[in-house]
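Work through the exercises below with the sequence and the structure side by side, and try each task before you read its solution.

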Amino acid sequence: MERWSGRVAVVTGASAGIGAAIAQELVKKGLKVVGLARRVERVQELNNSLKSAPGKLYPLKCDVTKEEEVKEAFKWVKDNLGGTDILVNNAGIASVSTLGGGPVENWRKIYDLNVLALCMCTKEALQSMKEKGVDDGHIIHINSVAGHKVVDDVAMYSSSKHAVTALTEGLRRELVNQKSKIRVSSVSPGAVRTEIGEASGFTPENMKVLEGIPYMESEDIADAVLYVLGAPPHVQIHELIIKPVGEPY
C-alpha cells in the first residue's frame, strides 16, 4: 500500500458501514480520501476521529444517483486535489421486491443506485484519471455474493449485482483494448453487519430471516479492499468473493 500514500481515492456511500470502514482504512494508509454521501454530517464525524491519521478525509455531500451532482463532485476533486487515482463504488441498496409484485418504484431505486450511479461515477473517475495522466489507477466495485447467484425474495437486487459483475468484466476488456494499466476489481461480500437492511426499508419480518446467520464486519471488507489495492501493479484481482464461516447460502 506504500505506493498509494498521498494519492487520491473517492469512496461512495462513505457515511456508514462498509463505505465508512473503507474510507477510514485508506486515510490510515496515508491517502487523501473524498467520502461521498448524502448524509455528509456522518462523514464529518468520521473525519473528526481521524485527525491524527497520516492521510486526510474530505467529506463531500453528493447523491450519486444524480448525474449533475456526480459531475460536480469529481470537478471538486480535480480542482482541489488534482484528480482521482482510486474509485471505490460502494453505495448500494437492497429491497424485497418481486417481478410479480413490485413495487416498480423499488426497482428504480435499486437500479438507479446499484447500477447507474456506479456507471456514472466510473465514467467520471476514468475521465479524471485520463486528464490527470494516471495509468495505474484502480476502480473497485463493492459487489455481492448475490451478483453470482439468485437469492430468494431479492431477485431484483440480485439482478442489479449481476449487472455489476458484467460491468466489471466489460470495463476490464475496454481497458485492455485501450492498452491501459488501470485496473478494475469486484469485491463480493456475503452477509455483513451493516445498516443496509434499515436503509433499504426491510420490515421486522424481513430482518427476522437474517437472524442467527454468521456475519462479517465492515472492517473485514475494508481489509479486502486493501488487499486488492496492495496487489503488485501487474496483478489484477478481478473478483474476490468473501463469506463468513458457516454462511448457509
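Helices, of at least four residues, and strands, of at least two, are DSSP runs numbered from the N terminus. The model used in these exercises is a predicted one.

**Exercise 1. Describe the surroundings of glycine 19, and say whether it is buried or exposed.**

Step 1. Begin with the place in the chain: glycine 19 belongs to helix H1.

Step 2. Compare the accessibility with the cut-off, which is under 20% relative accessible area for a buried residue; glycine 19 has 0% and is therefore buried.

Step 3. Look for the residues around it, leaving aside those within four places in sequence: glycine 19 is in contact with Val11, Thr12, Gly13, Ala14 and Asn90.

Step 4. Finally, locate glycine 35, which is 16 residues away from glycine 19 along the chain, and check that the two C-alpha atoms are separated by 8.2 Å.

**Exercise 2. Find out which residues have the most contacts inside the largest nonpolar core, and which elements supply that core.**

Step 1. The largest nonpolar core has 38 residues, and those with the most contacts inside it are Ile22, Leu26, Leu31, Val33, Leu57, Val187 and Leu229.

Step 2. Several elements each supply at least two residues of this core, among them strand E1 (8-12), helix H1 (17-28), strand E2 (32-37) and helix H8 (218-229).

Step 3. Take leucine 26 as an example: not counting residues up to four places away in sequence, leucine 26 touches Met1, Ala9, Val11, Leu31, Val33, Leu226 and Leu229.

Step 4. Another core lies apart from this one; it has 30 residues, including Val34, Tyr58, Met129 and Leu171. As a general background to both, nonpolar side chains in soluble globular proteins tend to be buried together.

**Exercise 3. Follow the pairing of strand E4 with E1 and with E5, and give the handedness of the crossover from E4 to E5.**

Step 1. E1 and E4 pair in the parallel sense over three bridges, and in one of these pairs valine 10 has leucine 87 of E4 as its bridge partner.

Step 2. E4 and E5 also pair in the parallel sense, over four bridges, and here valine 88 has isoleucine 140 of E5 as its bridge partner.

Step 3. Between E4 and E5 the chain passes through helix H4 (residues 104-132), and this β-α-β crossover is right-handed.

Step 4. Now examine the side chains, remembering that in a regular strand they alternate between the two faces of the sheet. In E4, Ile86 and Val88 point one way while Leu87 and Asn89 point the other way, and all of them are buried.

**Exercise 4. Trace the contacts of aspartate 85, and then those of histidine 138.**

Step 1. Aspartate 85 is found in the loop between helix H3 (67-81) and E4, and with a relative accessible area of 1% it is buried.

Step 2. Two polar partners can be found for the side chain of aspartate 85: one of its polar atoms lies 2.9 Å from the backbone nitrogen of valine 8, and the side chain makes a polar contact of 2.8 Å with the side chain of lysine 132.

Step 3. Among the residues that aspartate 85 touches, not counting those up to four places away in sequence, are Trp4, Met129 and His138.

Step 4. Histidine 138 lies in strand E5 and, at 0% relative accessibility, counts as buried. A polar contact of 3.4 Å joins its side chain to that of arginine 183, while its contacts beyond four places in sequence include Trp4, Asp85, Met129 and Leu229.

**Exercise 5. Decide what is notable about phi of lysine 179, and whether this residue is buried or exposed.**

Step 1. Recall that most residues other than glycine have a negative phi.

Step 2. Phi of lysine 179 is near 55 degrees, a positive value in a residue other than glycine.

Step 3. Lysine 179 is found in the loop between helix H5 (155-177) and E6; because its relative accessibility is 71%, lysine 179 counts as exposed.

**Exercise 6. Identify the elements against which the buried residues of helix H8 pack.**

Step 1. H8 has 12 residues and reaches 17 Å from its first C-alpha to its last, close to the 16 Å expected at 1.5 Å a residue.

Step 2. The buried residues of H8 include Ile221, Val225 and Leu229.

Step 3. The elements against which the buried residues of H8 pack are H1, E4, E5, strand E6 (183-189) and E7.

Note on methods:
Residues are numbered from 1 along each chain as its sequence is written. This is a predicted model: local features need pLDDT of at least 70, side-chain atom pairs count only at pLDDT 80 or more; totals for chains, interfaces and linings use all residues. Side-chain values use heavy atoms; hydrogens and water are left out. A nonpolar core is a set of buried Ala, Val, Leu, Ile, Met, Phe, Trp, Tyr and Cys residues joined through side-chain atoms within 4.5 Å. Buried means under 20% relative accessible area, exposed over 50%, partly exposed in between (1.4 Å probe, protein chains only). Contact means heavy atoms within 4.5 Å. Two strands pair if DSSP finds at least two bridges between them. A crossover is right-handed if, with the strands pointing away from the viewer, the path from the first strand over the helix to the second runs clockwise. The expected span of a helix is 1.5 Å times one less than its number of residues. A polar contact is a pair of N or O atoms within 3.5 Å; within protein, one must be able to donate a hydrogen and the other to accept it, and residues adjacent in sequence count only if both atoms are side-chain atoms.
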